[in-house]
Amino acid sequence: MQLNDGGRERAGFKGGAGDCVVRSIAIAAKLPYMQVYEDLRAANQNYADLKNDRLAKRLNNKGSSPRNGNYRNVFHDYILGLGFEWVPTMKVGAGCQVHLRPNELPDGTLIVKVSKHLTAIVDGVIQDTHNPSRGGSRCVYGYYIKK
């Protein structure tokens with residue numbers, strides 16, 4: 001585990017925020033934090049403008065800032081567009097097959113989806129502002145791997 005805010009502080013942000021999506025993408029894609037933040041803000045706004053579902057209404061009410069939350073409907077396509085591939089590791093009713101442990105995940109650069117959190121892993125080392133592994137017991141729903 002290595003402490004890494006993905007360039008958040010350097011971009012001028014202070015304090016904590018639910019920005020694991022921005023942080024993880026910035027780390028794994030080697031992009032400036034602010035660029036990912038703005039890209040996701042624009043993607044949230046675009047989603048809110050084009051769709052007519054519950055998420056679009058929520059984005060219109062709360063605003064499109066990534067600080068107000070990031071949603072798979074929006075960030076999934078963004079991550080794929082950066083050259084990552086989605087690999088699901090969990091099937092409905094099958095229980096947890098893969099845990100947040102280096103020996104259960106492939107080598108390389110990953111953005112890993114766990115419950116209510118995304119984290120970056122580079123060459124087997126978790127890059128985050130805290131250790132989200134729960135001692136190696138946290139279940140991995142899937143991961144994006146750099147192609």
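**Warm-up.** Which residue is the bridge partner of Ala-120 in β5?

*Solution.* Look along β5 until you reach Gln-127, the bridge partner of Ala-120. Next, see how the two strands are joined: three bridges link β4 to β5, and these strands run antiparallel. Strands here count as paired if DSSP finds at least two bridges between them.

Before going on, a word about what you are looking at. This is a predicted model, in which local features need pLDDT of at least 70 and side-chain atom pairs count only at pLDDT 80 or more, while totals for chains, interfaces and linings use all residues. Residues are numbered from 1 along each chain as its sequence is written, and side-chain values use heavy atoms, with hydrogens and water left out.

**Exercise 1. Take stock of the whole protein.**

*Step 1.* Find the elements. The protein has four helices and six strands. Helices (H or I, at least four residues) and strands (E, at least two) are DSSP runs, numbered from the N terminus.

*Step 2.* Read them in order from the N terminus: β-α-α-α-α-β-β-β-β-β.

*Step 3.* Judge the overall form. The radius of gyration is 15 Å, close to the 15 Å that the globule rule gives for 147 residues, so the protein is as compact as a globular protein of that length. The radius is taken over C-alpha atoms, and the rule is 2.2 Å times the number of residues to the power 0.38. Along the principal axes, the C-alpha atoms fill a box of roughly 40 × 40 × 25 Å.

*Step 4.* Ask how much is covered. Of the 147 residues, 44% count as buried. Buried means under 20% relative accessible area, exposed over 50%, and partly exposed in between (1.4 Å probe, protein chains only).

**Exercise 2. Put the strands of the sheet in order.**

*Step 1.* Write down the order: the six strands form an open sheet, β1-β5-β4-β3-β6-β2, with mixed pairing. The edge strands are β1 (2-3) and β2, each pairing on one side only.

*Step 2.* Turn to β6 (residues 142-146). On one side, five bridges join β2 (residues 84-88) to β6, and the two run antiparallel. Four bridges join β3 (residues 109-114) to β6, again as an antiparallel pair.

*Step 3.* Pick out Tyr-143 in β6. Val-87 stands opposite Tyr-143, and Val-112 also stands opposite Tyr-143.

*Step 4.* Check how covered the strand is. Four of the five residues of β6 are buried.

**Exercise 3. Describe how helix α1 sits on the sheet.**

*Step 1.* Count its buried residues: ten of the ten residues of α1 (residues 20-29) are buried. Among them are Val-21, Val-22, Arg-23 and Ile-25.

*Step 2.* Find what these residues pack against. The list is α2 (33-50), α4 (72-81), β2, β3, β4 (117-122) and β5 (125-128). Contact means heavy atoms within 4.5 Å.

*Step 3.* Get the direction. Helix α1 lies across β2, β3, β4 and β5, running at about 15 degrees to β4. Helix α4 packs on the sheet too, touching β2, β3, β4 and β6, and its direction makes about 125 degrees with that of β2. For such angles, axes are lines fitted to C-alpha atoms, for helices over the stretch in contact, and the values run from 0 to 180 degrees between N-to-C directions.

*Step 4.* Look just past the end of α1. There Lys-30 takes a positive phi of about 55 degrees.

**Exercise 4. Explain why Thr-109 counts as buried.**

*Step 1.* Locate Thr-109: its place is in strand β3.

*Step 2.* Compare with the cut-off. Thr-109 counts as buried because its relative accessible area is 17%.

*Step 3.* List its surroundings. Leaving aside neighbours within four places in sequence, Thr-109 is in contact with Ala-28, Phe-84, Ile-121, Val-122, Tyr-144, Ile-145 and Lys-146.

**Exercise 5. Find the disulfide and the cysteine left out of it.**

*Step 1.* Search for sulfur pairs. A disulfide is a pair of cysteine sulfur atoms within 2.5 Å, and the structure holds one. Cys-96 and Cys-139 form it, with their sulfur atoms 2.2 Å apart.

*Step 2.* Place the two ends. Cys-96 is in the loop between β2 and β3, and Cys-139 in the loop between β5 and β6, 43 residues apart.

*Step 3.* Compare their cover. Cys-96 is partly exposed at 31% relative accessibility, whereas Cys-139 is buried at 15%.

*Step 4.* Finish with Cys-20. Cys-20 is in no disulfide, and the nearest cysteine sulfur, that of Cys-139, is 17 Å away.
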